[in-house]
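Visitor: I'm new to reading protein structures. Could you walk me through one, feature by feature?

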Amino acid sequence: MELADIIVKFILVVIIFAISLVVAMYSTYAERKLAAFFQDRVGPNRAGPWGILQPLADGGKMFLKEEIIPTNASGFLFIVGPSLAIMTACIGSAVIPWGQKLVIGAHVIDLQVADINVGILYIFGVVSLGVYGIMIGGWASNNKYSLLGAIRAASQNISYEISMGLSIIALLLVTGTLSLREIAEQQHGWHWNVLYQPVGFILFLICAFAETNRSPFDLPECETELVGGYHTEYSSMKLGFYLFAEYINMFISSAVMVTLYWGAYNYPFMDTVAASVGPNAAVILGVVLMFAKIFLFIFFFMWVRWTIPRFRYDQLMDLGWKTLIPLAIANIVVTGIVITLINR
Amino acid sequence: MESLSNKRKEVNNKPLNFLERAYLPAIGQGLLITMKHFWKKPVTIAYPEEKREFSENFRGMHSLKRDENGKERCTACGLCALSCPAEAITMTAAERQPGEENLYREEKYAAVYEINMLRCIFCGLCEEACPKEAIYLDGDIVPSDYLRKDFIYGKDKLVEAPLNQ
């Protein structure tokens, strides 16, 4: 690897990191504003025009709040919890292909930090690490509500990871590769995987809601039962990290869904566009469209949150184990049969 | 029995059919409902900048009136303070000096006139009691503040602006 490539990669990492943080920051604002619109309200409008400085004000407040570590909490783990949560949320974006390759002179810039051939497995590893942040934080708080929230989060994530994995297996039967770059390239034009795997997509979507602890599966932070859930004892920026990690997770899982099912950076008639405005402009248009799709998914996450009430815990487990897993297995079987028949 | 209110509904405990049990159609309906609200005009307003129209008999902040020549009408008779059920009004009377005829209409006037806005219940009895038509609750909503002492409004806040000559 040349020095120039290393510098380009480094810049790319910084940009993606900054983008995911800014998106997460403005997701908090968007969530409050959208909640207001869904409830016929005006929403935050004091900080700056239309309240667009609200996330900065919230962040500043978080930093300036008093840092409280409960006496009986396990001091080291209490700090490790939120750090792990935010760290695992941030590293998930490394394998997502944000666009095709840019060609500037003799240089080829790959708009993906790491094109590893087990991209999906990496994502799954990161997702399952994410639950440790919540578990460690909830356990270290030495508070029964935190612990209950952490236990709920752990069992929920483990249950839904199974059907998420099964729905991905059906997708892998179609694509035949684990590399996210190759999956994205295969969806060239309008050959989006959602057309071949609609059931798989819906399963993945439901599991993504559960994995990111979003409503209607936000039982780990169920205020009515658990005070605040796993972050009951947290204050100041450590609480901010937990809340922030949730929004970054939402961004990353939207990006994964777009990459796997909704054609990543591909769009219909992309070859015609590339021929008429030049390849680099077409690549940038693809990146813009990918972000547009991601934002649509984030909007959908919020739309669902302000529509559906929370599941009861046994309903959550029933849905996961008795409905989604059988459906996912049936999906694999049907996909396998169809692929065998076509390839004969 | 015949229903009196026509609001009676038959209770129905029939088990859910497959579509109802599958959640998804119901969730779709719910999403449509929230989407309808998304495009609706908000029912709330950005309050201090925008204000709702008050009804005609709205009772807001008090104002001490001037007559057509710009003289203060209040004669410090104390009937408003007496009629006040919340005991929010207090005043100190003073005699009008020669040369002040253009300021005060009567020979006696209120040198100090204070209303404690935290005590006031905006009932309007002071307005009814006043024989000189000097006090009216025709103002705006009393603004919020940080300290209790800042809610005791003196003549500087209550008396109407002088007439433009």
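Guide: Let's go through chain A as a whole, then a sheet and a binding site in chain B. Keep in mind that this is a predicted model.

Visitor: Okay, chain A. How many helices and strands are in its secondary structure?

Guide: Chain A has 13 helices and two strands. Its radius of gyration is 21 Å, close to the 20 Å that the globule rule gives for 344 residues, so chain A is as compact as a globular protein of that length. Along its principal axes, the C-alpha trace spans about 60 × 45 × 45 Å.

Visitor: And what percentage of the residues of chain A count as buried?

Guide: That's 43% of the 344 residues. You can also look at who touches whom: take the contacts in chain A between residues at least 6 apart in sequence, and 78% of them join residues at least 24 apart.

Visitor: Now the sheet. How do I read one of those?

Guide: Here's the general idea: strands of a sheet pair through backbone hydrogen bonds, and the pairing is either parallel or antiparallel. In chain B, three strands make an open sheet in the order β2-β3-β5, and the pairing is antiparallel.

Visitor: Which are the edge strands?

Guide: In chain B they are β2 (89-95) and β5 (152-153), each of which pairs on one side only.

Visitor: How many bridges join β3 to β5 in chain B?

Guide: Two bridges join β5(B) to β3, which covers residues 108-116 of chain B, and these strands run antiparallel. If you want a spot to zoom in on, B:Asn116 stands opposite B:Ile152 of β5(B).

Visitor: You mentioned a binding site. Where does UniProt place that feature?

Guide: The unreviewed UniProt entry puts "binding site" at B:Cys74, B:Cys77, B:Cys80 and B:Cys130. These span 57 residues in sequence, yet no two of their C-alpha atoms are more than 10.4 Å apart, so they gather at one spot.

Visitor: Let's zoom in on B:Cys74. Where is it found?

Guide: Look in the loop of chain B between β1 (63-64) and α3 (79-83). B:Cys77 has its place in the loop between β1 and α3 too.

Visitor: Why does B:Cys74 count as buried?

Guide: You count C-beta neighbours inside 10 Å, and 20 or more makes a residue buried. B:Cys74 has 27, so it counts as buried. B:Cys77 has 18 such neighbours, so it counts as partly exposed.

Visitor: And which residues is B:Cys74 in contact with, leaving aside neighbours within four places in sequence?

Guide: Among them are B:Leu64, B:Tyr109, B:Ala110 and B:Lys132.

Technical notes. Residues are numbered from 1 along each chain as its sequence is written. Chains are lettered from A and ligands numbered from 1 in the order in which they are written. This is a predicted model: local features need pLDDT of at least 70, side-chain atom pairs count only at pLDDT 80 or more; totals for chains, interfaces and linings use all residues. Two strands pair if DSSP finds at least two bridges between them. Helices (H or I, at least four residues) and strands (E, at least two) are DSSP runs, numbered from the N terminus. The radius of gyration is taken over C-alpha atoms; the globule rule is 2.2 Å times the number of residues to the power 0.38. A residue is buried if 20 or more other C-beta atoms lie within 10 Å of its own, exposed if 12 or fewer, and partly exposed in between; C-beta atoms are placed from the backbone. Two residues are in contact if their C-beta atoms, placed from the backbone, lie within 7 Å. UniProt positions are given in the numbering used here, feature names are shortened, and annotations may be inferred rather than shown by experiment.
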